[in-house]
Amino acid sequence: MPFELASDYSPQGDQAQAIAKLTKSILAGNRHQTLLGVTGSGKTFTAANVLRNVGKPTLVMSHNKTLAAQLYSEFKQFFPRNAVEYFVSYFDYYQPEAYIPRSDTYIEKDSSINEEIERLRLSTTSSLLSREDVIVIASVSCIYGLASPEDYLKMLLTVKVGQQISREGVLAKLVEMLYERNDVAFERGRFRVRGDVVEVRPANLDEEGIRLEFFGDEIERITRFDPLTGHILDHHTVLTLFPAKQFVTPYEKLQQAQRTIRAEMEERVIHFEKHGHLLEAQRIKMRTEYDLEMMQEMGFCSGIENYSRHLSGRPPGSRPYTLLDFFPRDFLLLIDESHATVPQVGGMYEGDRSRKNTLVEYGFRLPSAMDNRPLKFPEFMERTGQILYISATPADFEIKNSTVGNTGYTPKRDKAAIDEDIPVAALPAKLSRTDAPVESFDVTTSGAPLVVEQIIRPTGLLDPRITILPLKNQIDDTLELCRQRVEKNERVLITTLTKRTAEDLSDYFKDVGLKVRYLHSDIDTIERVEILRALRAAEFDVLVGINLLREGLDLPEVSLVCILDADKEGYLRSQTSLIQTAGRAARHVNGEVYLFADTVTKSMQALMAITDYRRTRQIAYNEKHGITPRSVQRAVQESLHTLLKARQVEESVIREGGGNFSLSETLRELESEMLTASANLEYEKAALLRDQIAELKAGTGLAKIEPKRQPVKYGVKKARGAKAGA
């Protein structure tokens with residue numbers, strides 16, 4: 001079996017039947033299947049078991065970096081002996097290139113690349129090309145352009161002991177693979193030469209180096225060593241080195257690309273001159289010629305991704321190569337929180353196209369830059385194979401595709417004929433492992449695509465009870481409910497419709513003696529994390545919010561959710577929003593949800609119907625198996641207050657020094673801590689440090705001497721007249 005699941009737990013509750021049904025559906029060749037798992041039911045553990053049973057290379061998609069990092073950590077623990085990779089955007093900061101005609105403002109591209117995440121991305125592509133037991137956890141950045149897998153394979157350097165190749169030939173190949181020579185700073189993506197010894201720091205490895213020892217034009221020895229101590233870690237007879245960057249192009253293709261880029265530039269110049277746009281003609285000519293010169297001399301240029309169509313030799317309008325192209329055709333796709341991730345994938349293309357249209361129209365980029373883009377949704381669906389959607393509230397798209405019998409996918413691998421009900425003994429050998437729970441394969445459903453419900457929680461917890469109260473006196477009623485919970489040392493979430501209401505309600509509750517705070521989009525990311533931690537730690541009892549109290553929040557201490565103005569049908573009170581918000585009380589044995597409304601909307605009806613159905617099944621299961629529900633127990637994360645106090649220290653230092661002194665050393669230390677936190681995937685801590693650096697610079701006037709990110713003005717209005725001023 002390609003995947004080895006390591007876990008001290010066995011499937012509980014609904015997990016066993018969900019694992020069995022999903023395994024059967026995927027092995028039957030069905031393209032779409034959905035896991036409808038309630039909050040706290042262990043959907044990730046179920047997914048891990050399905051991956052182990054199916055045994056295919058797998059892509060797990062999430063709609064944001066934070067959830068992706070959480071999934072990466074969980075799958076790493078489940079599959080410690082397999083290649084679990086992490087593929088998200090490697091920018092700590094990213095300002096895309098843009099032009100605003102109304103104000104005649106050109107915004108130059110600016111970014112800060114996280115080297116550790118870049119290494120993880122390179123590790124992902126190298127694992128996909130060299131292993132079968134690969135699980136990739138990715139954000140939607142996986143639908144953005146990469147180099148062609150064919151070109152990437154051509155750029156590999158495979159060396160073996162006894163191979164006849166000159167040292168100069170190896171060095172030339174390393175340079176072509178975008179490695180840099182540096183005999184002093186031996187860092188990742190660099191190499192150094194000492195006589196007949198060439199040492200390389202592979203870009204896809206963390207703390208390892210490769211040493212090639214030559215005897216004349218023959219490779220005599222290949223070793224892997226620790227770059228810090230120099231100790232030998234292993235000996236190899238054959239070894240493959242991967243490119244230092246993900247955007248690589250063979251030399252002959254680069255030469256051809258330069259010719260086609262120049263031809264397109266000349267056509268574009270003629271177009272602008274024909275229509276009297278002389279400034280645009282001059283601009284596109286100067287920018288393109290500069291980029292061509294950089295490619296000729298250095299092998300790359302700033303913004304080289306805008307020429308990706310030429311570099312890969314694709315025809316105009318064709319889709320870009322992405323991470324999906326590095327997977328085998330029959331890979332498995334898991335879409336976590338599919339109700340949010342699927343729409344995000346669908347919206348990426350239009351947003352990117354709108355910005356690039358303006359750049360092309362005003363001569364900042366060639367029309368071929370439009371082909372450097374994310375995948376359109378139909379292209380994404382065409383390139384993927386079998387899909388497992390995972391959500392507590394799957395949308396119509398997932399439900400429809402998983403219930404209409406769409407079997408338009410034919411896997412290339414052999415599969416068992418399991419269209420009929422079968423006993424465990426008849427399942428393929430890969431499903432008969434001794435470490436798999438036998439009862440999970442007692443399949444009693446057909447092989448048609450399906451929606452699998454996972455309603456029973458391992459803890460025996462029930463969905464929270466739903467109660468409707470009138471809008472009149474909703475504030476006073478909420479106050480009384482909060483006081484009752486505070487007496488029991490339990491926490492409360494209150495959702496409102498506007499920021500102003502959240503703030504005013506918070507102030508009112510404070511005046512009457514409750515410990516309360518509010519949470520909305522005006523509060524920076526790191527402070528939100530600290531507020532949620534403080535709620536769990538009982539530093540306050542009631543949290544008032546708007547749309548931030550939904551998926552992704554794990555608050556076991558919350559026993560009550562109050563939804564104000566629940567009958568105001570809309571995005572914030574839709575069926576999905578209500579179900580997700582109510583789920584925040586599903587981790588406590590006393591969980592309850594109060595809806596304040598004068599009319600019962602369709603969304604409220606759906607919430608109550610789903611809750612009644614789930615509670616009926618959960619109660620019946622608990623009674624049958626003698627289970628007593630128990631609240632989820634999870635340690636409160638370490639406080640970030642030690643970092644927050646740094647702001648007070650900064651302010652006092654600035655006051656005492658009058659702001660007229662240099663804080664360069666302090667800034668360097670903070671920036672170093674920020675990069676370290678980001679490299680360790682501690683994004684909240686990194687974001688807080690970033691905010692501290694910005695505040696410190698602003699307080700000392702240092703921010704005023706950073707012109708790098710200031711927009712650049714061009715005299716477009718004078719050349720374009722009325723059109724430019726529109």
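**Figure 1. What lines the largest cavity.** Sorted by class, the lining of the largest cavity comes to 9 nonpolar, 5 polar and 3 charged residues. Here Ala, Val, Leu, Ile, Met, Phe, Trp, Tyr, Cys and Pro count as nonpolar, Asp, Glu, Lys and Arg as charged, and the others, Gly among them, as polar. This is a predicted model, where local features need pLDDT of at least 70 and side-chain atom pairs count only at pLDDT 80 or more, while totals for chains, interfaces and linings use all residues. Residues are numbered from 1 along each chain as its sequence is written, and side-chain values use heavy atoms, with hydrogens and water left out. The 17 lining residues include Asp463, Ile579, Ala582, Gly583 and Arg614, which lie nearest the centre of the cavity. Two elements each give two or more residues to this lining: helix H16 (575-582) and helix H17 (602-625). H17 gives the most, with 4 residues. Helices (H or I, at least four residues) and strands (E, at least two) are DSSP runs numbered from the N terminus.

**Figure 2. The second largest cavity.** The structure holds 2 cavities of 30 Å³ or more. The largest has about 120 Å³ of space, and the second largest about 50 Å³. On a 1 Å grid over the protein atoms alone, a cavity is a set of points where a 1.4 Å probe fits but cannot get out, and lining residues have an atom within 4 Å of a point. Grid points are joined across faces, edges and corners, and a volume is the space filled by probe spheres set on the points. Look for Thr495, Leu572, Arg573, Ser577 and Thr581, which lie nearest the centre among the 10 residues lining the second largest cavity. H16 gives the largest share of that lining, 3 residues. The class split is 4 nonpolar, 4 polar and 2 charged.

**Figure 3. An open site: the second largest pocket.** A pocket is an open set with protein on both sides within 12 Å along at least five of seven lines. The second largest one has a volume of about 400 Å³. Of its 18 lining residues, Tyr106, Arg287, Tyr290, Asp291 and Arg365 are the closest to its centre. Helix H8 (residues 278-298) gives the most to the lining, with 8 residues. By class, the lining divides into 7 nonpolar, 4 polar and 7 charged residues.

**Figure 4. A buried arginine without a salt bridge.** Arginine 268 lies in helix H7 (residues 251-274). The residue is buried (under 20% relative accessible area, with exposed over 50%, partly exposed in between, 1.4 Å probe, protein chains only). Arginine 268 has no salt bridge, and glutamate 264, the nearest side chain of opposite charge, is 7.1 Å away. Lys and Arg count as positive and Asp and Glu as negative; His and the chain ends are not counted. A salt bridge here takes a side-chain nitrogen of Lys or Arg within 4 Å of a carboxyl oxygen of Asp or Glu. Leaving aside neighbours within four places in sequence, arginine 268 is in contact (heavy atoms within 4.5 Å) with Ile284, Val360, Glu361, Leu366 and Pro367.

**Figure 5. Positive phi at leucine 178 and alanine 538.** Leucine 178 isn't a glycine, yet has a positive phi of about 70°. Leucine 178 sits in the loop between helix H6 (167-176) and strand E10 (180-181). For alanine 538, phi is near 65°, again positive in a residue other than glycine. Alanine 538 is in the loop between helix H15 (525-536) and strand E23 (542-545).
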